[in-house]
Amino acid sequence: MRTRMPKSARAMAIGLALAGAGLGTAVPATAAQAPDSYARYAGSAEEAKANEAFFEAVVRSVAEKRAAAPEAAAVTVVYDASRAPTFASQIARSTQIWNSSVSNVKLQSGSASSADFSYREGNDSRGSYASTDGHGGGYIFLDYRQNQQYDSTRVTAHETGHVLGLPDHYSGPCSELMSGGGPGTSCTNANPNAAERARVNQLWVNGFAQALDKALSKAR
C-alpha cells in the first residue's frame with residue numbers, strides 16, 4: 001500500500017488522515033510463513049501522503065472526464081486489469097464487493113487508454129501497494145508471494161480501498177477491511193465494514209464535487 005507521486009492539490013483531500021503501508025514481504029510465489037513483522041507494521045507519514053496522492057490522482061482523472069461529459073449518470077472509476085492477468089478473478093470479485101457496498105461511486109473495467117488507474121502484478125519486497133506514476137496516473141501492484149500468504153481477494157479489495165480514498169488501519173479487527181494484514185494470515189474477510197462504506201460514500205460526494213468544480217472551471 002505504498003504510493004509515490006509529486007505533491008498534488010490538497011484541497012481535494014478533504015481532510016484525509018491517511019496512514020499508508022505495504023502489505024507484506026514479497027519474493028517469488030512459493031508457499032511460506034508470513035514474517036512476524038507484518039502484523040506489527042504501522043506504516044509511515046511518507047506512505048500516508050503517497051496514498052493520499054493516489055486517491056487525488058484518481059479523483060482528478062474521473063472529474064476531468066466527467067467535466068467533458070457532464071450528462072453521465074454516475075461517478076464511475078475505470079480500471080485496466082490487463083497487466084495483472086494472474087489476479088483476474090480477484091480483481092473481478094473485489095470490484096463486485098465494492099460496487100455492492102457503496103452507492104456514490106462505481107468501479108468499471110475498461111481499456112488502458114480510458115482507465116483512471118490500473119492493476120499490475122509481480123514480485124516486490126514491499127508487498128502489494130498503491131502507487132502513482134508521477135504523471136497523473138495510478139496503479140495497484142499485487143505481489144505474488146503476499147497473495148499466497150494472505151487471502152488474495154482481501155489483499156486486492158484492501159488495495160482497491162486506497163483508490164476509493166480509505167487509509168490503512170492495521171490495528172483494526174479482521175472485520176475492518178483496511179486493517180489489512182494486522183489480524184494475521186487467518187483473516188479472510190474481503191468486505192468493508194459499515195464505517196468504511198459510509199466513508200467512501202462521503203468522500204465521493206464531497207471530495208468529488210470539489211474536484212469536478214475545479215475541472216469544470218478549467219474547461220471553461
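Here is a friendly conversation about a predicted model of one protein chain.

Student: How many helices and strands are there in the protein chain?
Tutor: Let's begin with the order of the elements. From the N terminus on, they run α-α-β-α-β-β-β-β-α-α-α. Counting each kind gives six helices and five strands.

Student: What share of the 220 residues in the protein chain is buried?
Tutor: A residue counts as buried when its relative accessible area is under 20%. Applied to the 220 residues of the protein chain, the buried share is 52%.

Student: Which share of the contacts with a separation of 6 or more comes from residues 24 or more positions apart?
Tutor: Ala48 and Asp168 give a feel for how sequence and space can part ways: they are 120 residues apart in sequence, with C-alpha atoms 8.3 Å apart. For the protein chain, among contacts with a separation of 6 or more, the share from residues 24 or more positions apart is 71%.

Student: Is Ala48 buried or exposed?
Tutor: Start by placing Ala48 in helix α2, which covers residues 45-68. The relative accessible area of Ala48 is 9%, and the limit for a buried residue is under 20%. Ala48 is therefore buried.

Student: Which element gives the most to the largest nonpolar core?
Tutor: That core has 31 residues, and those with the most contacts inside it include Val77, Trp98 and Val200. Several elements supply at least two residues each, among them β1, α3, β3 and α6. With five residues, the element that gives the most is α2.

Student: Which residues does Val200 touch, leaving out those up to four places away in sequence?
Tutor: Val200 is among the residues with the most contacts inside the largest nonpolar core. In general, nonpolar side chains in soluble globular proteins tend to be buried together. Leaving out its sequence neighbours up to four places away, Val200 touches Trp98, Val102, Val105, Leu164 and Leu166.

Student: What is the handedness of the β-α-β unit made by β1, α3 and β2?
Tutor: Look first at the two strands: β1 (residues 76-83) and β2 (residues 106-109) run parallel and are joined by four bridges. One point to find on the model is Thr76, which stands opposite Lys106 in β2. With helix α3 (residues 88-101), these strands make a unit that is right-handed.

Student: How many bridges join β3 to β5?
Tutor: Strand β3 also pairs with β1, in the parallel sense over three bridges, and there Asp80 has Ser118 as its partner. Turning to β5, Leu142 is the bridge partner of Glu121. β3 and β5 run parallel, and the number of bridges joining them is six.

Student: Why is β3 described as largely enclosed by the rest of the structure?
Tutor: The reasoning rests on how many of its residues are buried. β3 has six residues, and it is largely enclosed because the number of them that are buried is five.

Student: How far apart are the C-alpha atoms of Ala84 and Arg120?
Tutor: Ala84 lies in the loop between β1 and α3, and it is buried, with a relative accessible area of 0%. Its contacts beyond four places in sequence are Ile91, Tyr119, Arg120 and Glu121. Although Ala84 and Arg120 are 36 residues apart along the chain, their C-alpha atoms are separated by 4.6 Å.

Student: What distance separates the end C-alpha atoms of α5?
Tutor: Helix α5 is mostly covered, with 12 of its 12 residues buried. At 1.5 Å a residue, its 12 residues should span 16 Å, because the expected span uses one less than the number of residues. The modelled helix agrees with this, as its end C-alpha atoms are apart by 17 Å.

Student: Which residue, with a positive phi, follows α5?
Tutor: Here the backbone angle is the clue. Its phi is near 105 degrees, and the residue is Gly165.

Student: Which cysteine of the disulfide is buried, Cys174 or Cys187?
Tutor: The disulfide joins Cys174 to Cys187, with an S to S distance of 2.1 Å, and the link is right-handed, with 90 degrees about the S-S bond. Both cysteines sit in the loop between α5 and α6, 13 residues apart. Cys174 is partly exposed at 29% relative accessible area. At 4% relative accessibility, the buried one is Cys187.

How values were computed: Residues are numbered from 1 along each chain as its sequence is written. This is a predicted model: local features need pLDDT of at least 70, side-chain atom pairs count only at pLDDT 80 or more; totals for chains, interfaces and linings use all residues. Side-chain values use heavy atoms; hydrogens and water are left out. Buried means under 20% relative accessible area, exposed over 50%, partly exposed in between (1.4 Å probe, protein chains only). Two strands pair if DSSP finds at least two bridges between them. A crossover is right-handed if, with the strands pointing away from the viewer, the path from the first strand over the helix to the second runs clockwise. A nonpolar core is a set of buried Ala, Val, Leu, Ile, Met, Phe, Trp, Tyr and Cys residues joined through side-chain atoms within 4.5 Å. Contact means heavy atoms within 4.5 Å. A disulfide is a pair of cysteine sulfur atoms within 2.5 Å.
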